[in-house]
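Subject: Handover of a structure, with findings

Dear colleague,

I am handing over to you the structure shown below. Please look through it before reading the notes that come after it.

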Amino acid sequence: MTDAQFSPLSDTTNADAQAATRRWLQQCQFLLSAPTFKLCPPDTGREVAFAGRSNAGKSSCINAITNQRQLARASKTPGRTQMINFFHMGEREQRLVDLPGYGYAAVPESLKKDWQTELERYLVSRQSLIGLVLLNDIRHPLTHFDRQMLHWAHDGNLPVHVLLTKADKLPFGASKNTLLQVKRELDKLRLASSVQLFSAHKKQGIDALAAVLANWLDFSPVGESVQDHVRD
């Protein structure tokens, strides 16, 4: 480590970078909702998709990192989000994508299969997809569906950043233990992955996630590269 890493100037630069990244995310705007893969926007630029079970907190996460309460509409009914929702960062070549939740129990089986088909087509065929944020409720991490997503990502050489959401629901020690356990399992997959704790309710982990998104979407605050794959 260099002396600059311990200097007040370095701390100030880091704080400035975090502030700039937050402002960038707060520019996020709704672009469109695609009921099928064919109706997705042009496959250009870069986009990061958010995936997870219906109750993992995807909409709450997107609202928290963009500091907008209703940007991604959260529903109390699992499985309500049935479309692929696109958001852009002021610059339409930088996008966030809210994928339909999986593991939904309150919808017909035929609809589940339709959603599954569209989700697979998006993950396999979308050329502009350069990263996947996989949300797991910290109390129920790495379910069967989550592992399936990880294997798809592995097969497609797609980097994954795992969010252990609702971290405020567990005591500090228990949440850290879960974090370590999930990290060990991800290491076994030899996937380009990282993992962190996150709580939309407590605003925990926002800067760590923002740094990953900025890196993937090629946003460089104050002229410096953003740290890749931050771990809480």
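The following paragraphs set out what was found, from the chain as a whole down to individual residues.

Please bear in mind throughout that this is a predicted model.

Overall organisation

The chain contains six helices and seven strands. Their order along the sequence is α-β-β-α-β-β-α-β-α-β-α-β-α. Of the 232 residues in the chain, 45% are buried. Among contacts with a separation of 6 or more, 75% are between residues 24 or more positions apart. The exposed surface of the chain comes to about 12000 Å², and 49% of that area is supplied by carbon and sulfur atoms.

The nonpolar cores

The largest nonpolar core comprises 33 residues, and within this core L99 and Y122 have the most contacts. Setting aside residues up to four places away in sequence, Y122 touches F37, C40, E47, A49, I84, F86, V97, L99 and L129. There is also a second, separate core, made up of 27 residues, with W24, M89, L209 and V212 among them.

Two of the residues just named, L209 and V212, are also listed among the buried residues of helix 6. This helix spans residues 206–216 and is mostly covered, with nine of its eleven residues buried. Besides L209 and V212, the buried residues are I206, A208, A210, A211, L213, A214 and W216. Just after helix 6, D218 adopts a positive phi of about 65 degrees.

One of the residues touched by Y122 is F86, which belongs to strand 3, residues 84–88. Because its relative accessible area is 0%, F86 counts as buried. The C-alpha atoms of F86 and V97 are 4.6 Å apart, although eleven residues separate the two along the chain.

A helix pair

Helix 4 (residues 144–155) packs with helix 5 (residues 172–189) at an angle of about 35 degrees, and their axes are 11 Å apart. The crossing of helix 4 past helix 5 is right-handed. From helix 4, the residues R147, L150, H151 and H154 take part, and they meet E185, L186 and L189 of helix 5. By type, the residues of this contact comprise three nonpolar, two polar and two charged.

Two further residues

How do G52 and S125 stand with respect to burial: buried or partly exposed? G52, in strand 2 (residues 46–52), is buried, since its relative accessible area is 0%. Apart from neighbours within four places in sequence, G52 is in contact with K58, G101, Y102, L134 and L135. G52 and L142 are 90 residues apart in sequence, yet their C-alpha atoms are 9.9 Å apart in space.

S125, by contrast, is partly exposed, because its relative accessible area is 33%, which falls between the limits of 20% and 50%. S125 is situated in helix 3, residues 109–125. When residues up to four places away in sequence are not counted, S125 touches F37 and D43. F37 also appears among the residues touched by Y122. The C-alpha atoms of S125 and G156 are separated by 9.7 Å, with these positions 31 residues apart along the chain.

I would be grateful if you would go through these points with the structure open.

Yours sincerely

How values were computed
Residues numbered from 1 in each chain as written. Predicted model: local features only at pLDDT ≥ 70, side-chain atom pairs only at ≥ 80, totals over all residues. Heavy atoms only, no water. Helix = DSSP H or I, 4+ residues; strand = E, 2+ residues; numbered from the N terminus. Buried < 20%, exposed > 50% of the residue type's maximum accessible area, 1.4 Å probe, protein only. Contact = heavy atoms within 4.5 Å. Areas by Shrake-Rupley, 256 points an atom, 1.4 Å probe, with all protein chains shown as cover. Core = buried A, V, L, I, M, F, W, Y, C linked by side-chain atoms within 4.5 Å. Axes fitted to C-alpha atoms, helices over the stretch in contact; angles between N-to-C directions. Left-handed = near helix turned anticlockwise from the far one by under 90°. Nonpolar A, V, L, I, M, F, W, Y, C, P; charged D, E, K, R; others polar.
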